[in-house]
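Please examine the model below with attention to its buried contacts and its charged side-chain pairs. The explanation after it proceeds residue by residue.

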Amino acid sequence: MIVRGQVHGVGYRAACRLRAQDLGLSGWVRNCSDGSVEIEAEGCPQELTELRLWCEKGPAEAVVNSVASSQVAAAGTDWFEVRR
């Protein structure tokens with residue numbers, strides 16, 4: 001997913017990692033140089049939908065304008081991390 005809006009400097013990555021872990025998902029989240037946040041997550045479809053819904057709002061300080069998603073091949077990881 002690519003999340004656009006005011007999503008840098010508001011704790012978006014850390015909050016996303018916690019939400020993904022709560023949902024039992026694996027993958028990663030990182031800031032992009034264009035001001036967006038990129039998320040790659042894998043898991044059950046229902047939990048991925050829940051993460052997408054969370055991403056549309058983000059943490060309280062975030063202002064999300066859009067969330068674009070696409071499907072990629074699963075990496076097979078069993079953790080969720082914040083990348084730099």
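The following paragraphs treat one loop residue and then several salt bridges.

The model is a predicted one. A convenient starting point is Leu25, which is located in the loop that joins α1 (12–22) to β2 (26–31). Leu25 has a relative accessibility of 6% and is therefore classed as buried, since the cut-off for that class is under 20%. Leaving aside residues up to four places away in sequence, Leu25 is in contact with Ala20, Glu42, Gly43, Cys44, Glu47, Leu48, Leu51 and Phe80. Leu53 offers a further reference point: Leu25 and Leu53 are 28 residues apart along the chain, and their C-alpha atoms are separated by 14 Å.

Attention now turns to the charged side chains. The structure contains 5 salt bridges. One of them pairs Glu50 with Arg19, with 3.9 Å between the closest N and O atoms. This pair connects distant parts of the chain, as Glu50 belongs to helix α2 (residues 45–55) and Arg19 to helix α1, 31 residues apart. Glu50 is partly exposed at a relative accessible area of 35%, and Arg19 is likewise partly exposed, at 25% relative accessibility.

A second pair is formed by Arg30 and Glu38, whose closest N and O atoms are 2.7 Å apart. Arg30 has 28% relative accessibility and so counts as partly exposed.

Arg83 and Glu81 also meet through their side chains in a salt bridge, with an N to O distance of 2.9 Å. Here Arg83 is partly exposed at 32% relative accessibility, while Glu81 is partly exposed at 28%.

How values were computed:
Residues numbered from 1 in each chain as written. Predicted model: local features only at pLDDT ≥ 70, side-chain atom pairs only at ≥ 80, totals over all residues. Heavy atoms only, no water. Helix = DSSP H or I, 4+ residues; strand = E, 2+ residues; numbered from the N terminus. Buried < 20%, exposed > 50% of the residue type's maximum accessible area, 1.4 Å probe, protein only. Contact = heavy atoms within 4.5 Å. Salt bridge = Lys/Arg side-chain N within 4 Å of Asp/Glu carboxyl O.
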